[in-house]
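Reader: I have a structure to read and would like to go through it in short steps. Can we start with the overall layout and then move to single residues?

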Amino acid sequence: MAEKKSSNGSKNSTGKSHQAKKSASGKKPSSGRSSTKTNVNRIVKAAKKYDTDKSFKDNQDAVLDVISATATSAKRASNKKQKKIFTVLAVIMVIAFIGISIYCYLGGWMNTLIYGKDGYIASASQNVDYDVAVIKQNDLSVHFLELGNKYVGDSVYIKAGDTDVLIDAGSRNSSSAIITQYVNQYVTDGKLEYVIATHAHQDHIAGFVGTKEAAGIFEAFDIDTIIDFSLTNQKETTEKGGKTLYGNYLEKREKAVANGAKRYSALSCYNNQGDARRTYKLSDTVELEILYNYFYDHGSSDENNYSVTVMLHQYANDYDYSNPDSAENDGKVNHYFFSGDLEKEGEEKLVEYYSNGNGHDALPHCVLYKAGHHGSKTSSTKALMAALSPEYVCVCCCAGTSEYTKANENQFPTQQFVDNVAPYTDNVYVTTVVDFYADTGWSTRGTVKSMNGNIVIACDSADIKTIKTAFTNNGDKLKDTDWFKQHRVCPKEWKLEQ
């Protein structure tokens, strides 16, 4: 430090007259370059004096002293400048790192790097009861699929004998890849005999369209029959003239029709119009019935109400078709109910329609009910639950997602849904659950993981009263999960069963 002060003192003493001259001229004095220039001038003056006043050695020593002082001064100035530059760069890098980290966190990029762009954590384990070969042996199996991302959506695969059925293909275009991969475990001929699109919302039809990388369902399989919604409020094009998802759905559907698929609306099926049929025989013991929905031919401001509603009927091998009302047939038919996202008004009109005759029996007790609208508070009404009195309920959703609401009690599956279902069964299963949120919002943030995973409800017609379940993650009932215990109030009916 003493040496540094000495050097600085030399610079300051020699720079005063120079600084004064610069000030007089109105120019700002320079610190580093003027000091170096002054030392050079001193070397020149010392060289000139050599000829007149001093011996060679004296002049030589003087010149060397000045050169040494100049070099030391320059080196210290250079080191000081480099140190300052390094310090500034280090500060900038730290600030930039912090800024980028915050931006990535708020933008959801950090989760994307860790968990992938869809925020989905695939289950690392497979439940021992899930065996494709064993499941195939049943006359009927109904599969509720996880969709490979954190977004709510429906896709239900049904296998009845050699017939393959797919109801909906949510939740995003990219879901087509995971749906195709799953279904191909069971489809042996590359064909889906029946495809049903319940209504024109993204979380139900996006997978039919697919992406550039993954073919949509309409392209990934040969399709025999397409049954979809009779009405929609969706537009085919955007305000700028581009195609909407619905527009792309129509394009892919028409290509499938051009390749040989038959397409019917749900209303034309219910009315047995043309070649469309209300009931389709899937196998020797399984039938698919298209039920009537008031909103097949009446407008609604809620797209969900246009949902195609269907029921599967599975008959025991010894069922007497010639005398269906025979007492011997009691307990020899299983019913499975699917209503897309049908809302309260639609459910109530459905129950009313089938309760008032109209050439139909009342809605029957059902072995299986696919929870309407992902377990929302506006579906699975008390009226519908009383009519169906389901034994098993499967929910296609991400439990606890704030994709649609931050209100805990209204996040799927909602408290109202739980309360409405509880009097009839505690066999409630959910595909997926929220694992992590970066904040209290949704946006692109957050990740999900399997709750039960892919859920399978199966039955063999030789033993119609035995319902089998299989799960790709675990077989925990909703009420026994950590998520339920933390976020829902257990109904008294479920408490009594514990």
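Reader: In what order do the eight strands of the open sheet run?
Author: The model is a predicted one. Its open sheet is formed by eight strands, and their pairing is mixed. From one strand to the next the twist averages 15°. The order is 7-6-5-4-3-2-16-17.

Reader: Which strands stand at the edges?
Author: An edge strand here has a single partner strand, so one side of it is left without a neighbour in the sheet. That applies to strand 7 (262-265) and strand 17 (468-471).

Reader: Which residue in strand 7 stands opposite Asp 228?
Author: Strand 6 covers residues 222-228 and pairs with strand 7 in the parallel sense, over four bridges. Helix 9 lies across strand 5, strand 6 and strand 7, at about 130° to strand 6. The residue opposite Asp 228 is Ser 265.

Reader: Why is helix 7 described as largely enclosed, and how many of its residues are buried?
Author: Helix 7 spans residues 202-209, and a residue counts as buried under 20% relative accessible area. The buried ones include Asp 203, His 204 and Phe 208. Helix 7 is largely enclosed by the rest of the structure because the number of buried residues, out of eight, is seven.

Reader: Which elements do the buried residues of helix 7 pack against?
Author: The residues in question are Asp 203, His 204, Ile 205, Ala 206, Gly 207, Phe 208 and Val 209. They pack against two strands and three helices of the chain: strand 4 (163-167), strand 5 (191-197), helix 6 (175-183), helix 8 (217-220) and helix 9 (245-258).

Reader: Which residue just after helix 7 takes a positive phi?
Author: Helix 7 comprises residues 202-209. Just after it, a phi of about 80° is found at Gly 210.

Reader: Which residues of strand 13 point the other way from Tyr 392?
Author: In a regular strand the side chains alternate between the two faces of the sheet. In strand 13, Cys 394, Cys 396 and Cys 398 point the way Tyr 392 does. Eight of the eight residues of this strand (392-399) are buried. Those pointing the other way are Val 393, Val 395, Cys 397 and Ala 399.

Reader: What is the bridge partner of Lys 370 in strand 13?
Author: Strand 12 (residues 368-370) pairs with strand 13 in the parallel sense over three bridges. The chain passes from strand 12 through helix 12 (residues 382-388) to strand 13, a right-handed β-α-β crossover. The bridge partner of Lys 370 is Cys 394.

Reader: How many disulfides does the structure hold?
Author: A disulfide needs two cysteine sulfur atoms within 2.5 Å. For Cys 394 the nearest cysteine sulfur is that of Cys 396, 7.6 Å away. For Cys 398 the closest is in Cys 397, at 6.6 Å, too far for a bond. The structure's disulfide count is zero.

Reader: Is Cys 398 buried or exposed?
Author: The cut-off for buried is under 20% relative accessible area. Cys 394 has 0% relative accessibility and counts as buried. With 2% relative accessibility, Cys 398 also counts as buried.

Reader: What share of the residues of the protein chain count as buried?
Author: The protein chain has 15 helices and 17 strands. It exposes about 24700 Å², of which carbon and sulfur atoms supply 51%. Of its 498 residues, the share that count as buried is 48%.

Methods
Residues numbered from 1 in each chain as written. Predicted model: local features only at pLDDT ≥ 70, side-chain atom pairs only at ≥ 80, totals over all residues. Heavy atoms only, no water. Buried < 20%, exposed > 50% of the residue type's maximum accessible area, 1.4 Å probe, protein only. Contact = heavy atoms within 4.5 Å. Pairing = 2+ DSSP bridges. Right-handed = clockwise from strand over helix to strand, strands pointing away. Axes fitted to C-alpha atoms, helices over the stretch in contact; angles between N-to-C directions. Areas by Shrake-Rupley, 256 points an atom, 1.4 Å probe, with all protein chains shown as cover.
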